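Trainee: Could you take me through the salt bridges in this one, slowly and pair by pair? I'd like to see who meets whom and how covered each partner is.

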Amino acid sequence: MSVYYAPYHLQKGYVDNWIVAGPQAIPVEDLDRFAGEDYRLQIARHYHTEDSGITEPPVDTIKFAVDDTELQWTYTCCREDHFVDKTAFYHTCHYLRTWACTRVVSPSAQEVTLVLTTNGPADVWLNGEHVHRQEHFYHQIPHSVSFQATFEEGHNEILVRFEEVAARDCPYAMALQVIGLPEDPKQADVFIPTAIKAIARRSNLEDAFEKAYVKQEVYVFDEYVEVHWPEEMPAKASLMTRFQTPSGRIYGQGDRMGIGGNRAAVGIPFQLYEDYYLARLMPRAQEYYDGNMRIMRDIGVWTVKNKYSQQSYDTYTNRRVEALSDAFRRETGIYTDLGIYAEIAKMAVDRWHDINVNTLLKAIDGINQRKDCSDFYLIGLLGMMMRYWDNPSFPEELKQPLEECVLNFKYWADEAGEDAMWFWSENHQILFHACEILAGQLYPGRTFTNSGQTGQWHREKGEKLAIAWLHKRGTGGFQEWDSNCYFEEDLLALSHLIDLAETQQVYEMAAVVMDKMFFSMALNSYKGTFGSTHGRSYATMITGGRLEPTAGISRLMWGMGAFNPHIKGPVSLAIQENYQLPPIIEAIAAALPEEMWNREHHAGEFDEALDRRTGSWEVNKVTYKTPDYMLCSAQDYRPGEKGSQEHIWQATMGPDAVVFVNHPPCISKEGSHRPNFWSGNVTLPRAAQWKDVLIAVHNIPDDDWLGFTHAYFPAHAFDEYVLREDASGHTWAFAKKDDGYLAITAAQGVEFVTAGEAAYRELRSYGQHNVWLCHMGRAALDGEFAEFQDKVLALDVTFDALSVSCATLRGETLAFGWEGPLTRNGEEEPIAGFKHYENPYCVAELPSEEMIIRYGEQAMRLNFAV
């Protein structure tokens with residue numbers, strides 16, 4: 001076989017061009033062998049081999065085998081974070097290893113420094129000799145290790161094998177930097193071995209692929225999904241676009257010309273299932289298949305058909321039918337694990353002839369394996385058994401597998417057996433407790449094999465734990481406050497307890513906590529978008545309201561939002577019979593007062609037995625809502641600490657028109673990066689808000705991997721947007737949506753990104769010490785959009801390294817920084833120590849044994865006393 005070499009360049013010393021094989025994912029059986037906090041290290045050492053496992057020279061596109069696993073070398077071009085990124089979620093424990101190979105040219109024999117950055121252990125071979133091993137585990141933010149190596153003159157083959165032990169979310173990345181080599185932009189210094197002979201054509205295609213972008217992440221109904229190329233792109237390339245699912249189902253393809261200013265329409269949502277798709281850029285078919293030009297690039301997008309309701313419509317009864325009809329059609333797609341809820345929806349509307357038994361058997365098999373998130377599905381199966389078991393149409397072939405699954409399950413962490421299930425977050429806690437209660441009710445006299453205890457014992461244990469959980473959330477709130485992903489799962493558990501629990505205290509307390517959750521959603525939503533600050537969220541759930549897991553819930557309960565692939569909550573709520581949303585909460589959800597200023601304080605103590613940690617937690621948060629926008633933030637929330645998936649602030653003007661700022665660790669939006677490009681913060685900022693003005697101070701480390709903070713600023717979602725400079729030279733980004741306005745800037749300046757992964761959706765600001773400032777406005781107060789811009793540009797603003805003093809559109813002066821209070825007109829404005837709720841509808845102390853909610857002539861009392 002002939003081997004050719006594709007040339008590339010080091011990027012600030014980083015190798016961005018590799019051929020990669022893997023991961024090889026080896027299931028870890030019998031986890032009990034690896035007990036203790038260092039179980040990952042034990043597993044890695046158990047599977048580690050001294051030799052690389054590579055017996056033939058690595059060449060792009062060539063297949064080979066390691067053990068019994070067939071792998072293929074595939075070209076990978078790193079994004080601007082320089083990572084070879086294999087991050088994914090694993091529901092059961094696996095040992096992973098991936099191989100990456102490249103060649104670096106040295107002008108002479110010399111010593112160099114290599115800096116290897118990984119999450120887990122890794123080995124390096126240089127010109128066939130093992131030169132380095134690092135053995136560490138850094139679960140979210142990768143760790144760098146430097147070592148010396150000797151390069152030969154000419155080509156130096158570098159082979160990196162990097163490992164991980166995956167259990168649930170698995171950040172899994174590698175980067176390599178070479179220090180000590182001169183970089184000449186005219187001279188290639190990185191080469192990839194390839195079987196592709198047409199190197200110049202390959203380079204032409206790669207350039208066209210790399211420069212392509214999309215302008216939005218979610219396309220709605222009749223919006224064409226279009227791939228764009230920038231006007232200034234000098235070269236052109238003939239290529240093929242293909243629109244497909246990640247699993248490979250193709251919905252369209254065509255030959256295109258990648259040329260400056262061109263665009264290619266690849267799909268339209270109303271012709272497709274609502275799902276996640278890939279716009280795949282490839283060589284033309286003959287070139288790809290016959291000429292073996294096996295290079296490509298995928299750009300991921302979502303398509304949605306369901307229209308978004310921004311005002312209440314129809315009756316709950318009709319929306320319930322709509323929710324179930326929508327759900328039972330969602331049997332396929334990226335969230336196929338949720339298929340059991342499509343089957344349950346079919347049972348609820350008597351579509352027994354359409355039941356897919358295999359979907360339910362697959363779910364049972366996953367639960368029997370004790371996959372992480374098994375509680376999400378077992379609760380649905382238990383509800384299905386309690387509601388439909390005696391229906392003559394219930395599939396007989398499901399009954400024995402269901403019974404065995406329920407009797408063999410592990411219902412809490414203190415039971416025997418090691419597995420990947422996670423018990424410790426709020427959502428999993430109540431789901432496991434609800435499962436244990438319902439399983440105990442189903443089989444009170446039977447012995448449960450994993451615990452050796454009876455169903456009655458399990459029921460009593462589950463009730464005790466559930467009541468404690470409900471009381472904590474009732475009196476103190478949620479540690480993962482307003483989580484648009486966890487709220488769906490909390491409501492999934494509560495809906496089953498309300499309908500199916502037999503103990504009065506359990507079902508009544510579940511109903512009261514559900515009332516409280518819906519009240520919080522109503523307060524902190526704008527026209528159906530749960531645009532609040534969130535204690536936990538994911539990128540797709542904050543870059544707009546259409547894919548929020550709560551969007552279908554709010555549409556069902558008060559007629560605003562959209563049904564989407566997140567069907568667990570809507571189905572479980574739609575089939576319950578013993579709960580009715582209080583009309584006062586529905587009225588508050590629909591209300592758009594001239595201004596609504598809401599302050600909340602959620603707090604509590606950790607219980608080591610239930611939470612696996614001790615100490616206390618708290619969050620102080622505010623929401624300012626008008627008819628034209630909503631602005632929310634978590635005040636002074638753990639500034640400077642490591643973040644995860646906390647969403648600290650957001651401005652909402654519509655389901656797509658949302659703006660927020662975060663500090664990313666990487667370019668990936670994969671949900672197992674926590675934080676990632678849009679979700680969460682590597683280092684939490686210090687934020688404060690006074691009504692329509694938000695200040696967020698970022699103090700990020702000097703050695704930060706990316707070195708910037710950035711704003712999500714989706715140009716496509718606004719009626720108008722513009723960037724303008726004020727008198728001091730600061731660039732402001734302005735946006736208009738209907739009669740709402742937004743202005744945002746940063747002390748270190750902002751750049752509107754028009755290329756790459758987030759083209760036309762990102763405002764980027766480099767610098768370790770930075771202050772972001774956001775003003776909101778309304779046509780009713782600030783005139784035309786141009787007047788709003790002029791008023792903002794005329795405001796006095798003084799930035800220091802970590803603080804700002806600014807005038808507001810309402811004639812006030814605010815000052816805030818990394819330290820010290822928020823002041824308004826020189827007087828301290830509290831940003832902590834709020835009441836549990838303080839707004840026009842409810843004032844409640846913390847902790848709160850009861851809440852009284854009022855709206856107009858209506859009132860209701862929530863009693864959380866045990």
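Mentor: Sure, let's begin with Arg 351, which is partly exposed, with a relative accessible area of 29%. Its partner is Asp 354: the two side chains meet in a salt bridge, 2.6 Å from N to O. Asp 354 counts as partly exposed too, at 28% relative accessibility. Keep in mind that this is a predicted model.

Now go to another pair, Arg 824 and Glu 812. They form a salt bridge as well, and the closest N and O atoms are 2.7 Å apart. Find Arg 824 in strand β41 (residues 822–824), then look for Glu 812 in the loop between β39 (803–807) and β40 (813–817); the pair therefore ties together parts that are 12 residues apart in sequence. How covered are these partners? Arg 824 counts as partly exposed at 23% relative accessibility, whereas Glu 812, at 17%, counts as buried. Those labels make sense once you know the cut-off: buried means under 20% relative accessible area, and partly exposed runs from there up to 50%.

Next, try Arg 133 and Glu 163. Their side chains meet in a salt bridge at 2.8 Å, N to O. Arg 133 sits in strand β10 (residues 129–134) and Glu 163 in strand β12 (residues 154–170), so this contact ties together parts that are 30 residues apart in sequence. Check the cover here as well: Arg 133 is partly exposed, with a relative accessible area of 24%, but Glu 163 is buried, with just 1%.

Don't stop at that pair, though. Arg 133 and Glu 163 belong to a network of salt bridges that also links Arg 45, Asp 123, Glu 135 and Arg 161. Try picking out those six side chains together on your screen.

And how many salt bridges does the structure hold? There are 57, and the pairs we've walked through are among them: Arg 351 with Asp 354, Arg 824 with Glu 812, and Arg 133 with Glu 163.

If you put the cover side by side, here's your picture. In the Arg 824 pair, the arginine is partly exposed and the glutamate, Glu 812, is buried. In the Arg 133 pair, the arginine is again partly exposed and Glu 163 is buried. With Arg 351 and Asp 354, you have a partly exposed arginine and a partly exposed aspartate.

Terms used: Residues are numbered from 1 along each chain as its sequence is written. This is a predicted model: local features need pLDDT of at least 70, side-chain atom pairs count only at pLDDT 80 or more; totals for chains, interfaces and linings use all residues. Side-chain values use heavy atoms; hydrogens and water are left out. A salt bridge is a side-chain nitrogen of Lys or Arg within 4 Å of a carboxyl oxygen of Asp or Glu. Helices (H or I, at least four residues) and strands (E, at least two) are DSSP runs, numbered from the N terminus. Buried means under 20% relative accessible area, exposed over 50%, partly exposed in between (1.4 Å probe, protein chains only).
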